[in-house]
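Reader: Could you take me through one part of this protein up close? I'd like to hear about the nonpolar bits, on the surface and inside.

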Amino acid sequence: MLASGFSAATVSKWLFFGTIASSILVSITDGKFYFHIQLVPHLWRYKQFWRLLIWQSCYNNSGELLFGVMTLYNLRIVERLWGSRKFASFLTAVLFPTLFIPPLLLTLLRPVSFSTLNVLPAGPTPLIFALLAQYHATIPTVYKYRLLLSSSSTDALTLSDKSLVYLLAAQLALSSLPGSLISAVGGWFVGVAWRRDLGPELWTTWRLPAWIIGGKQGRGGDFEHFRRRLEGEGRGTETVVDHNEV
């Protein structure tokens, strides 16, 4: 049975409540205009490149905040599987690529759109979609069900227990078109690249020091330790077999 709340998901809890707190704080202080990105005039005319570092700090409207944190809540299962250390290391590793790839995509697509594409809405949507790519690849489907669209049994839509998560993520990606969709695509690309080792080896193997997340590993961390141990034993067995064959 799945644990409720943020049990064994400390990093997800901090990310969840941190996103809510920062969004409320920015709204109260009337500082929303500092966090979104406009290629013109923010970057190209005024050279406000500091926006590239802070634009994922908060959401600027309640709709995006709602769907963003609901998606984050459902993705906490990835931390339970991996353990907090690997989960936090993943978020740290993909943070900078997700900060810069969506603005780069927007820059490349702007000439094709006759300069109509110009805005990226604030919020950690790219980071969420990078995490969603891991959810898609690692979390199996537990059950499926059919939703009848008419009285005929042939007109049915097949869904699964993961459909709600994808529905929330889709709503987030479509909330502030076209910028939100570009952010989502950029984040998904980074997540897939990390998953498939499409980058330096250090990018996917690096881990945060254990003391940063309390020095304790959950069940996901223990599972990862045993998996690596078995892989090492497997490589050792292959080496012995090769020598015997020689």
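Author: Let's start outside, with helix α6 (residues 84-109), which gives the nonpolar patch its largest share, three residues. Helices here are DSSP runs of H or I, at least four residues, numbered from the N terminus. The patch covers about 370 Å² and is built from L53, L95, F96 and F100. To join such a patch, nonpolar side chains (Val, Leu, Ile, Met, Phe, Trp, Tyr) sit within 5 Å, and each residue has over 30% relative accessible area and no salt bridge (a Lys or Arg side-chain nitrogen within 4 Å of an Asp or Glu carboxyl oxygen). Areas come from the Shrake-Rupley method with a 1.4 Å probe, and for residues only the protein chains shown count as cover.

A quick word on the model: it's predicted, so local features need pLDDT of at least 70 and side-chain atom pairs pLDDT 80 or more, while totals for chains, interfaces and linings use all residues. Numbering runs from 1 along each chain as its sequence is written, and side-chain values use heavy atoms, without hydrogens and water.

L53 belongs to helix α3 (residues 51-54), and it counts as exposed because its relative accessibility is 52% (exposed is over 50%, buried under 20%, partly exposed in between).

Now inside. The largest nonpolar core, meaning buried Ala, Val, Leu, Ile, Met, Phe, Trp, Tyr and Cys joined through side-chain atoms within 4.5 Å, has 34 residues, and F90 and V94 touch the most other members. Helix α7 (125-138) is among the elements giving two or more residues; its seven are the largest share. Beyond four places in sequence, F90 touches W82, A130, L131, Q134 and W194 (contact is heavy atoms within 4.5 Å).

How values were computed: Patch = residues over 30% accessible without salt bridge, like charges linked within 9 Å, V, L, I, M, F, W, Y side chains within 5 Å. Buried < 20%, exposed > 50% of the residue type's maximum accessible area, 1.4 Å probe, protein only.
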